[in-house]
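Reader: Please take me through the helical packing and the aromatic contacts in one connected account, with particular care for the residues involved. I would like the reasoning spelled out wherever a classification depends on a value.

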Amino acid sequence: MASTLDQLKAFTTIVADTGDFGVMDKFKPTDATTNPSLILAATKMPQYQHLLQEAIQYAKSKASNLDEQVLEATDKLFVLFGNEILKIVPGRVSIEVDARLSFDKEASLAKAKKFISMFEEAGISKERILIKLASTWEGIETAKVLEKSHGIHCNLTLLFSFAQAVACADANVTLISPFVGRIFDWFVKNTGQKTYELLEDPGVVSVTKIYNYYKKFGYKTEVMGASFRNTAQILGLAGCDKLTISPKLLEELNKSIAEVKRYLDNDAASSMDIEKVALSESKFRWMLNEDAMATEKLAEGIRNFAADGIKLENIIREKLSS
């Protein structure tokens with residue numbers, strides 16, 4: 001019998017949530033996604049030191065000021081990892097804009113266009129890149145401009161609420177990454193309930209609602225469930241457009257032969273009685289404010305990605321100075 005992972009691939013595009021090329025080669029995902037935390041972890045592995053050194057040499061050739069060198073090396077490192085990933089996966093790789101720019105539309109636009117330019121210099125088409133932005137109002141507005149005016153595809157991450165999802169769909173972004181596990185974490189911490197039935201998990205419920213809304217109203221934005229804590233959360237979203245899965249959970253799914261049932265279905269969603277939501281900036285901000293979980297997890301996620309970005313820069317700074 002086919003593995004649970006192979007069964008899941010019949011319903012859903014599988015994306016590797018890792019910066020480890022070996023994992024991608026083993027599980028053969030269609031796409032891959034990165035973030036500062038994953039790149040930070042990868043740069044501590046011996047097999048990726050050559051990419052770090054290449055980024056440092058590049059930075060030295062581009063800038064003389066140490067602070068500028070650190071920024072150039074960091075950007076180049078993300079692009080180098082992206083290049084290597086695209087040698088393995090047939091689809092796209094997501095490259096994340098610095099979390100510290102999450103509330104700065106113009107700076108985010110500049111960084112996104114710089115990434116695309118660097119990939120094109122390496123012979124990689126923008127069609128194979130997803131620019132990853134936090135799902136703040138400014139991040140969504142950045143993605144709207146990138147998609148409409150520059151033909152640059154975007155992945156909106158750190159998405160925890162229905163308001164964020166609606167705004168992303170209205171902006172015609174290519175992809176959203178709702179964080180299933182982090183939603184679950186918040187409810188466990190704040191309600192005291194430690195376990196949930198398969199389809200009652202708060203993260204699964206959230207993504208299911210978003211998926212059904214998108215399909216009901218014919219939005220082209222794809223839904224990619226992310227940040228899973230266990231395989232049950234993954235299986236509860238079988239049929240979702242995409243699921244990005246960590247190496248540990250990919251391994252568990254690959255070793256299992258449990259039967260996969262499809263829970264998310266385009267045709268079923270299109271016939272549901274769902275009301276369409278009209279969003280302005282003020283309504284978006286109010287809806288997000290009223291969702292304590294989403295507000296807290298968005299802020300926490302931005303802080304954590306920013307902190308890992310700084311750690312990565314410090315490693316690069318040390319190597320540039322030595």
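Author: Starting from the N-terminal end, A2 is placed in the segment before α1, the helix of residues 4-9, and everything said here about it and about the rest refers to a predicted model. A2 has a relative accessible area of 41%, and is therefore classed as partly exposed. Leaving out residues up to four places away in sequence, A2 touches Q7 and I257. A2 is also separated from C240 by 238 residues in sequence, while the C-alpha atoms of the two are 20 Å apart in space.

From there I turn to helix α8, which I take as the centre of the close look. Helix α8 is mostly covered, with eight of its nine residues buried; those buried residues are F162, A163, Q164, A165, V166, A167, C168 and A169. Their packing partners are the helices α7 (137-150), α10, α14 and α15, together with the strands β5 (154-159) and β6 (175-178). After helix α8 comes N172, with a positive phi near 60 degrees. As background to that value, most residues other than glycine have a negative phi.

The aromatic contacts can be followed from F162. In total the structure holds 12 aromatic pairs, and one of them joins F162 to Y213 in an edge-to-face arrangement, with 5.0 Å from centre to centre and 80 degrees between the planes. Because F162 lies in helix α8 (residues 162-170) and Y213 in helix α10 (residues 202-216), this pair ties together parts that are 51 residues apart in sequence. Both F162 and Y213 are buried. Y213 takes part in a further pair with Y219: the two ring centres are 5.9 Å apart and the planes stand at 25 degrees, so this pair is stacked. Y213, at 1% relative accessibility, counts as buried, and Y219, at 13%, counts as buried as well. The contacts extend beyond these two pairs, since a single aromatic cluster is formed by F162, Y213, Y214, F217 and Y219. A charged side chain also meets F162, for K209 lies over the face of its ring, at 4.4 Å from the ring centre. Elsewhere, K76 lies over the face of Y58, at 4.5 Å from that ring centre.

Strand β5, one of the partners of the buried residues of α8, contains L158. L158 is not a glycine and yet has a positive phi of about 50 degrees. With a relative accessible area of 1%, L158 is classed as buried. S227 can be described in similar terms: its phi is near 60 degrees, again a positive value in a residue other than glycine, and its place is the loop between β7 (222-225) and α11 (231-235). S227 has a relative accessible area of 12%, which means that it is buried.

Helix α15 is another partner of the buried residues of α8, and its packing against two further helices can be set out separately. Two packed helices are described by the angle between their axes and the distance between the axes. For helix α14 (residues 281-290) and α15, the axes come within 5 Å and cross at roughly 95 degrees, which makes α14 roughly perpendicular to α15. On the α14 side this contact is made by L288, N289 and E290, and on the α15 side by A292, A294, T295 and L298.

Helix α5 (residues 66-86) and helix α15 (residues 292-321) have axes that come within 9 Å and cross at roughly 120 degrees. The two helices are therefore oblique to each other, and α5 passes α15 in a right-handed crossing. From α5, L66, D67, Q69, V70, L71, A73, T74, L77 and F78 take part in the contact, and they meet L312, E313, I316, R317, L320 and S321 of α15.

Finally, helix α15 also holds K297, whose burial deserves a note of its own. The relative accessible area of K297 is 9%, so this lysine counts as buried, the limit for that class being under 20%. Apart from neighbours within four places in sequence, K297 is in contact with F160, R182, D185 and W186.

Notes:
Residues numbered from 1 in each chain as written. Predicted model: local features only at pLDDT ≥ 70, side-chain atom pairs only at ≥ 80, totals over all residues. Heavy atoms only, no water. Phe/Tyr/Trp six-rings, centres within 6.5 Å; stacked < 30°, edge-to-face > 60°. Helix = DSSP H or I, 4+ residues; strand = E, 2+ residues; numbered from the N terminus. Buried < 20%, exposed > 50% of the residue type's maximum accessible area, 1.4 Å probe, protein only. Lys NZ or Arg CZ within 6 Å of the ring centre and 35° of its normal. Axes fitted to C-alpha atoms, helices over the stretch in contact; angles between N-to-C directions. Parallel < 35°, antiparallel > 145°, perpendicular 65-115°, else oblique. Left-handed = near helix turned anticlockwise from the far one by under 90°. Contact = heavy atoms within 4.5 Å.
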